[in-house]
Amino acid sequence: MTHAKVENSAEILDRLISDYGPSKYQDIVRAMQWARHLRRQEEFRLVPMAELIERSLLDVVDKKVTVPEIEKAVKEDQAMEEKLLSKRADRSHGKDPSEPRASKEA
């Protein structure tokens, strides 16, 4: 009786990375960017970062996600982060736009 070896995603990833070409290091950076992007999505918030990194590496290596998609996601994430930082700065300076304006009549 012959048993076929079933590889788990970590074994597949190890094999793919070891056999990977010269763009390996740039693609690892892209995979980390993709993992951070996925982390911002509601469906992945509770997934451990190690799992997101593994999934992202497989997505990049298997070409399930393209460089332009990753670059677009990174730009969108940066814009969202800048917007959040701006709102936080406004609040810390007492400029919360949701607060009613103080009357100048005194």
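1. Salt bridges first: a search of the whole structure turns up six of them, a salt bridge being a side-chain nitrogen of Lys or Arg within 4 Å of a carboxyl oxygen of Asp or Glu. Keep in mind that this is a predicted model, where local features need pLDDT of at least 70, side-chain atom pairs count only at pLDDT 80 or more, and totals for chains, interfaces and linings use all residues. Residues are numbered from 1 along each chain as its sequence is written, and side-chain values use heavy atoms, with hydrogens and water left out.

2. Start with Arg 40, which forms a salt bridge with Asp 77, the closest N and O atoms being 3.8 Å apart. This pair links distant parts of the chain, 37 residues apart: Arg 40 sits in helix 2 (residues 24-40) and Asp 77 in helix 4 (residues 67-92). Helices here are DSSP runs (H or I, at least four residues), numbered from the N terminus.

3. Arg 40 also pairs with Glu 81, and there the closest N and O atoms are 3.3 Å apart. Glu 81 lies in helix 4 and Arg 40 in helix 2, so this salt bridge ties together parts 41 residues apart in sequence.

4. How open are these side chains? Asp 77 counts as buried because its relative accessibility is 9%, while Arg 40 at 32% and Glu 81 at 26% are partly exposed. The cut-offs are under 20% relative accessible area for buried, over 50% for exposed, and partly exposed in between (1.4 Å probe, protein chains only).

5. Another salt bridge stays inside helix 4: Glu 76 pairs with Lys 72, with the closest N and O atoms 3.9 Å apart. The two are four residues apart in that helix, so about one helical turn separates them. Glu 76 is partly exposed at 40%, and Lys 72 is exposed at 56%. Back with the earlier trio, salt bridges that share partners join Arg 40, Asp 77 and Glu 81 into one network.

6. Now the helices themselves. The axes of helix 2 and helix 4 come within 10 Å and cross at roughly 50 degrees, the axes being lines fitted to C-alpha atoms over the stretch in contact, with angles running from 0 to 180 degrees between N-to-C directions. Residues making the contact (heavy atoms within 4.5 Å) include Trp 34, His 37 and Arg 40 of helix 2 and Ile 70, Val 74, Asp 77 and Glu 81 of helix 4.
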